[in-house]
Amino acid sequence: MGKLVVLKFGEGSFEQGFAVTLQIGEEHERATTEITGKLPSFPEMPLYYSHWQSSYRQIGNRYRLHADQMQVTNVSMIQDCENTSHILRARFNTWLRAEEFRPLREKWLERLSSTEEVRVILQTENSQLQLLPWHLWDLLERYPKAEIALSSPSYDRIHKPRTLNPLVNILAIVGNSHGIDTQADQALLQQCRNADVSFLVEPQRKELTDHLWGKNWDILFFAGHSSSHGNGESGRIYLNKTDSLSIGELKYALKKAIENGLQLAIFNSCDGLGLARELADLQIPQIIVMREPVPDLVAKEFLKYFLQGFAGGESLYQSVRQARERLQGLEDRFPCATWLPMICQNPAQIPPTWDELRSAKTEEPPPNLTLSTRRRFQRTLLSSLAITALVCGVRLLGFVETLEIQAFDLMMRSRPAEGLDPRLLVITIDDDDLAIQRQNNESLIGASISEKSLNKLLVKLNQYQPRAIGLDIYRDFKAKQPDLITRLQQTQNLVGICKGSDGTVNIKGIKPPPEIPTGNLGFSDFIHDRDGVIRRHLLFMNQEATSLCAAPFAFSLQLASLYLRPSGIQPKFTPEGNLQLDKTIFPNLKSRTGGYQNIDANGGQILLNYRSSKQIAEQVKLTQFLSSSAVNPNAIKDKIVLIGVVAKGDSPDTWPTPYGAPLDEQMPGVLVQAHMISQILAAVQDGRPLLRVWSLWIEVVWIWGWSLVGGVLAWRKLSLPWLVLAVSITSGVLYIVCFGLLIWGAWVPFVPSALSLVVTVGLMSIYNNSKTKVRVASGE
């Protein structure tokens, strides 16, 4: 059992001195020793304190004062504060070693052992005496288990018996938090064992009053801005951005709360002595306040250390002393941080322990909060690993492939515009062009452009020296006009198309134009996904032995190669079988790539990084081009000219893309080819990123990381609305990160990461709630 020491200061002043009575006894018993003495006059003492107080308050340090009163820290101010604190401490202890006070000092040393837990209560009405740093008394520092509290000489016992709650009921008021971080305070309170915490965030006056009347509270907690007025005789708390209250304005609600068993008020805010004096008049048992403006970080660290000790089984006084002394680690940035926390005590009340605040049905050893935190971290780690394994397993089975592809399409459509590719010109054949050819009695049998128009087009194009011409029109028959036959045979920069066969689905393929040399042919085959959308680019493949099309390279690659040839760039292959153009390597897709699971990855396939623009390149209609007498040579010279069909009436050549899958939104095949050519040229010449994916293990770690984030959110034990908001914001951040990476060429898992995040939050929140209900049911 510990000792109780009471120092009673009678009437007096620093000019006249003070009469002092020392009482020593066992806790819960009457004092067995009493002795009187005196402290001599020391008129300069309030001045020393005032000097220190002034230098301390000039520092600023993001205090939890009213927001308008915060200042900026200055290094010289910190040094000045430390100097004045040393002077104050020296003068204070010199005064307490006065000869008149010596008998009390010797009686203290005689009756108290340094190994005992000692609770010291200093009773005085003198506000200047209360302000002095009594914790620095050299006598008190000899007793490592001693802590001092302030008290008024006038007090009364609360006679109404307390009704114990199954859990420690905490009413946490989060007032105006402008400029400070009160989220940490809330998180620390939520981690307390066997506690039911109710938060009022920036409440209105009536809301606060109703809560004080409505429940049996054990602890009242306030975080936010506060201040003292009238030389420490009164104080105010700032509830929200517009309202502030004095204790007197909450008098009746607080009296009711004290009658119903309120044991402890904690004001983790600035300059709280005025609050404590008013609360003491209401006979509240225990109060913890800050004697001066408190820096935000100091307030948070004190609360953390105090709750670790108090909820961990330490006595109230020991918890405060240990938490206060641990603040010394911050005094290089926040001088005198250990001076700030103070206890104000009603001497008629005995401070309860944490477990005595509630009706525990079974005795249990006080848990170690550090161990509890470690266990929760381990649980979060293991849970996230298990959920990540589950999500990755579901992903590998292909169950989320559709969702991943849809998210990919959404991001592709959302990218910023890149503008037209200046290397390309597309000559389109639409329904009007077809109609005009028929009106001119030009034969369109087997093609979308007559031999007459094609010959005229090639003649006109060659006048302006394009670097390559791509005829994206099937001509699996011999030409009849001699001029066209010669033109097709002798146009060295003309590339034609054919279509490869596929025996697995009984596709015979389409033969190439017989007049175009074999080296100038490219296959037009597209690789589409299960939903029919083109998201992959086939660069080369081995044709079947019976294929009507023997071209090994894609139409797009053939045209890009012709364009790059004057720069000395020729296609070649790496030892791994990947296509290389100059320094750019086009890595082949594998059967499991990014969101794809078990796709047919035969041939040289890459992801198609569509050029993000409403129009891939400048376009001109066939009839318009042939009939125009004035043509801009710069629009054709040294460019790739594509010729293809965009008509929607006669057997339309359109394909679903990420930009639209319905028939009226599909992209003509010639424009898909343009995107493919643009992708190759932009990667080689402009350094535009190809779409790549991470390795499987990096993707797993990425998904696990977001699962861990979900575990941390569940760990915070937020209320459902706040949890939903936190998950929504986090998912939004995840989407933005994935979208940004896609713009830079990396397709990273969004859907699996979001899924692991949400599942982890959901399952761990359900686990936490069920565990809390079990504890309540068992009376823990």
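**A helix pair and a pocket**

Helices α14 and α15 are oblique to each other, in a model that is predicted. The reason lies in the angle between their axes: α14, residues 451-463, and α15, residues 482-490, cross at roughly 45°. Angles under 35 degrees would count as roughly parallel and those from 65 to 115 as roughly perpendicular, so a value outside these ranges, and not over 145, is called oblique. The two axes come within 9 Å, and the crossing of α14 and α15 is left-handed.

The contact between these helices is made on the α14 side by Glu451, Leu454, Asn455, Leu458, Val459 and Asn462. On the α15 side, Asp483, Leu484, Arg487 and Leu488 take part. Sorted by class, the contact of α14 with α15 has 5 nonpolar, 2 polar and 3 charged residues.

The second topic is a pocket. The second largest pocket holds about 1000 Å³ of space, and 35 residues line it. Nearest its centre lie Asp502, Phe526, Ile527, His528 and Asp600.

Several elements contribute to this lining. Helix α12, spanning residues 401-414, and the strands β19 (527-528), β20 (534-540) and β24 (604-607) each supply at least two residues. Of these contributions, the largest share comes from α12, with 5 residues. In terms of class, the lining of the second largest pocket divides into 10 nonpolar, 13 polar and 12 charged residues.

Key:
Residues are numbered from 1 along each chain as its sequence is written. This is a predicted model: local features need pLDDT of at least 70, side-chain atom pairs count only at pLDDT 80 or more; totals for chains, interfaces and linings use all residues. Side-chain values use heavy atoms; hydrogens and water are left out. On a 1 Å grid over the protein atoms alone, a cavity is a set of points where a 1.4 Å probe fits but cannot get out, and a pocket is an open set with protein on both sides within 12 Å along at least five of seven lines; lining residues have an atom within 4 Å of a point. Grid points are joined across faces, edges and corners, and a volume is the space filled by probe spheres set on the points. Helices (H or I, at least four residues) and strands (E, at least two) are DSSP runs, numbered from the N terminus. Ala, Val, Leu, Ile, Met, Phe, Trp, Tyr, Cys and Pro count as nonpolar, Asp, Glu, Lys and Arg as charged, and the others, Gly among them, as polar. Axes are lines fitted to C-alpha atoms, for helices over the stretch in contact, and angles run from 0 to 180 degrees between N-to-C directions. A crossing is left-handed if the near helix is turned anticlockwise from the far one by less than a right angle, and right-handed if clockwise. Contact means heavy atoms within 4.5 Å.
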